Amino acid sequence: MTTAERRSGGHVPGEEGLWVFIGGDLVVFAVFFITYAVAHRQEYALFEASRRLLDRQLGLLNTPLLLTSSLCMAQAVAAVRRDDRRARPLLLATIALGSGFVVVKAFEYAAKISHGFTLNTNSFSIYYYMFTAIHLVHVLIGLGVLCFAASRFDKAGRMPGGAALIEGSGAFWHLVDLLWIVLFALLYLL
Amino acid sequence: MDTKSTTMKLCTFMGALAGTLMFVGIWPLARMFPPLDPALPVAQVADYYRAHQTGILVGGILITSASVLFFPFLAAVATFLKKIEGAISPLTWAFVMIVAYGFVTLFFAGLFFTVAAYRTDRPDAEIAMLSDIAFFLFVMPAVPAFVQNVVTGVAILQDKRARPILPRWLGYMNLWTGLLLLPGFAVGLFKTGPFAWNGVLAFWVPAVVFGIWFNLMIVAMLAAIKRDALAEA
């Protein structure tokens, strides 16, 4: 596909089926968030008290990690489209920042567990652990996809014909980022 | 209409019958819809079985009967998938193998409901244990269901014919159904909350989504049989 065709409008980045999957995932998380909102109303005091036990600093640290990684991802997609050699380092930076998110999450879980705040501590902890863990699985899958994409560069650091792959990986990575923004606001802040 | 499409139609309707039997068995008869609260004390679980013995036993017959009647329906689905894939059909094979154990759990769920209600003079703890096994068999096969739906969805979407054998929206719907069924995987971890076996995310959403999926599959398959899609190139 030529650049002109891409700009002519009507271009779907990546595969059509991927967007349906992303739509489905958003539906699932929408159902999750509604369930949480209802439970939050029902047990307001408990949720507020438990929320204060969460480590806002670590949550806050993870947000720019993912946001910056998404920025690098977007730059990497643009770089592949214009056949720019900076695409590979940008993609590796995305992977590094995403891995940083996983490491921070691991420290956060470990600290919570050592303080006795575990999966079945109360109804808030169930939401906290399950939602963040399901999101973490998305992060890990995303990292796997990005590593695969990173392995597709040729020796010159270009990815000829790799637009669909990099766009698809990018779309999924942005989904992971988007879900985290909502999760962070919902669990840590609101 | 030739014999083959009559057979396909019969198999598809067998699914509707199975779904109805399962629902009647689990809901008005066994009164296990919604499921017993997993946080219920052992003595109360046992008392529930003692109080509803006949309903649960008759419900057990319907649930076990339903489980086998799902298979002609699933065979009809597999026939469509095979038609889509052609001679080399790994997704059809995967589908056949996954449903072979994914739907058998329903038979065992009915069986364990029956055993739990069979001798009401059993100690409370034994009845409660059998009840737990029945509910896990009923709700926990979320992962096989997810993979089954993904395989079905991918096979339908792979169809490159100008007029696909099964409509593309059905493929997308299978993918979404699979995702929404998935939260049932963690029921073993919880006794309360949305991921417990009576929770919103592990039970209610999957139950409603399964009902919608099931009915739309039947509608789409009957439409495909009516236009004789299996006889097309």
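**Helix packing and a bent helix in a predicted model**

In this predicted model, the axes of α2(A) and helix α7 (residues 163-189) of chain A lie 11 Å apart and make an angle of about 5°.

Reader: Why is α2(A) called roughly parallel to α7(A)?
Author: Angles under 35 degrees count as roughly parallel. The angle here is about 5°, so α2(A) is roughly parallel to α7(A).

Reader: Which residues of α2(A) meet α7(A)?
Author: Leu18(A), Ile22(A), Asp25(A), Phe29(A), Phe33(A) and Tyr36(A) do, and their partners in α7(A) include Gly168(A), Leu175(A) and Leu186(A). By class, the residues of this contact are 10 nonpolar, 1 polar and 1 charged.

Reader: What makes up the side of chain A that touches chain B?
Author: α2 (16-42) and α6 (123-150) of chain A each supply at least two of its residues. The largest share, 10 residues, comes from α2(A). In total, 15 residues of chain A are in contact with 16 residues of chain B.

Reader: How do you know that the length of helix α9 (residues 200-226) of chain B agrees with its number of residues?
Author: The expected span is 1.5 Å times one less than the number of residues. For 27 residues that gives 39 Å, and the end C-alpha atoms are 37 Å apart, so the two agree.

Reader: Where does α9(B) bend?
Author: At Pro206(B), by about 25°.

Reader: What makes Pro206(B) count as buried?
Author: A residue is buried if 20 or more other C-beta atoms lie within 10 Å of its own. Pro206(B) is among the buried residues of α9(B), as are Trp213(B) and Met217(B). The buried residues of α9(B) pack against α2 of chain A and against several helices of chain B, including α1 (3-29) and α3 (53-85).

How values were computed:
Residues are numbered from 1 along each chain as its sequence is written. Chains are lettered from A and ligands numbered from 1 in the order in which they are written. This is a predicted model: local features need pLDDT of at least 70, side-chain atom pairs count only at pLDDT 80 or more; totals for chains, interfaces and linings use all residues. Two residues are in contact if their C-beta atoms, placed from the backbone, lie within 7 Å. Helices (H or I, at least four residues) and strands (E, at least two) are DSSP runs, numbered from the N terminus. Axes are lines fitted to C-alpha atoms, for helices over the stretch in contact, and angles run from 0 to 180 degrees between N-to-C directions. Angles under 35 degrees count as roughly parallel, over 145 as roughly antiparallel, 65 to 115 as roughly perpendicular and the rest as oblique. Ala, Val, Leu, Ile, Met, Phe, Trp, Tyr, Cys and Pro count as nonpolar, Asp, Glu, Lys and Arg as charged, and the others, Gly among them, as polar. The bend at a residue is the angle between axes fitted to the seven residues ending there and the seven starting there. A residue is buried if 20 or more other C-beta atoms lie within 10 Å of its own, exposed if 12 or fewer, and partly exposed in between; C-beta atoms are placed from the backbone.
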